[in-house]
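User: I've got a model open and want to talk through how it's put together. Can you take my questions one by one?

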Amino acid sequence: QVQLQESGPGLVKSSQTLSLTCTVSGGSITTTHYYWSWIRQPPGKGLEWMGAIAYDGRIYYSPFLKSHTSISRDTSKNQFSLQLNSVTPEDTAVYYCARRYGVTTSYDYWGQGTQVTVSS
């Protein structure tokens with residue numbers, strides 16, 4: 001059973017950098033053909049895909065967030081991370097990490113999500 005767990009601060013001030021980590025257990029983030037994504041849901045809005053890191057380390061970003069988003073991984077800890085620079089209150093959301101096989105399938109495992117609030 002694969003499990004994903006997000007961790008990070010629940011409150012960030014505007015203009016600061018938000019850093020979140022997803023710890024994966026029950027499966028390796030380097031297993032072929034799996035992609036590990038960051039997805040968020042602002043209050044009252046739908047899910048927004050932010051970016052992903054592939055099993056081989058390739059990184060993909062949403063074109064809408066690319067300018068202030070960075071994704072990385074630590075294979076020794078089986079973790080992948082998200083950095084969001086210069087946050088604003090519009091970045092307030094529940095942040096999820098999730099896994100899927102390939103880039104066209106649905107997500108099969110999700111973290112429980114972590115609420116992040118950006119104060120002005």
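User: Which residues have the most contacts inside the largest nonpolar core?

Analyst: Keep in mind that this is a predicted model. Its largest nonpolar core has 24 residues. Within that set, the ones with the most contacts are L4, L18, V24, W36, W38, F80 and Y95.

User: And which element gives the most residues to this core?

Analyst: Several strands give two or more residues: strand 3, strand 4 (34-41), strand 5 (48-54), strand 8, strand 9 (93-101) and strand 11 (114-119). The top contributor gives four residues, and that is strand 3.

User: Which side chains of strand 3 point to the buried face?

Analyst: In a regular strand, side chains alternate between the two faces of the sheet. Strand 3 (residues 18-25) shows that alternation. S19, T21, T23 and S25 point to one face and are not buried. Pointing to the other face, and buried, are L18, L20, C22 and V24.

User: What does T21 stand opposite in strand 8?

Analyst: Strand 3 has partners to look at here. Strand 1 (residues 3-7) runs antiparallel to strand 3 with five bridges, and there S7 has T21 as its bridge partner. Strand 8 (residues 79-84) also runs antiparallel to strand 3, joined by six bridges. In strand 8, the residue opposite T21 is S81.

User: How far apart are the sulfur atoms of C22 and C97?

Analyst: The structure holds one disulfide, formed by C22 and C97. The pair links distant parts of the chain, with C22 in strand 3 and C97 in strand 9, 75 residues apart. Both cysteines, C22 and C97, are buried. Their sulfur atoms are 2.1 Å apart.

User: Is the link of C22 and C97 right-handed or left-handed?

Analyst: Look at the torsion about the S-S bond, which is 70°. That makes the link of C22 and C97 right-handed.

User: Which residues does W36 touch?

Analyst: W36 is among the residues with the most contacts inside the largest nonpolar core. Leave out residues up to four places away in sequence, and W36 touches L4, V24, S28, I29, G51, A52, I53, F80, A98 and R99.

User: Is D91 buried or exposed?

Analyst: D91 is found in the loop between strand 8 and strand 9. Not counting residues up to four places away in sequence, D91 touches R40, H68, L84, S86, V116 and V118. Its relative accessible area is 5%, and the cut-off is under 20%, so D91 is buried.

How values were computed: Residues are numbered from 1 along each chain as its sequence is written. This is a predicted model: local features need pLDDT of at least 70, side-chain atom pairs count only at pLDDT 80 or more; totals for chains, interfaces and linings use all residues. Side-chain values use heavy atoms; hydrogens and water are left out. Buried means under 20% relative accessible area, exposed over 50%, partly exposed in between (1.4 Å probe, protein chains only). Two strands pair if DSSP finds at least two bridges between them. A nonpolar core is a set of buried Ala, Val, Leu, Ile, Met, Phe, Trp, Tyr and Cys residues joined through side-chain atoms within 4.5 Å. Contact means heavy atoms within 4.5 Å. A disulfide is a pair of cysteine sulfur atoms within 2.5 Å.
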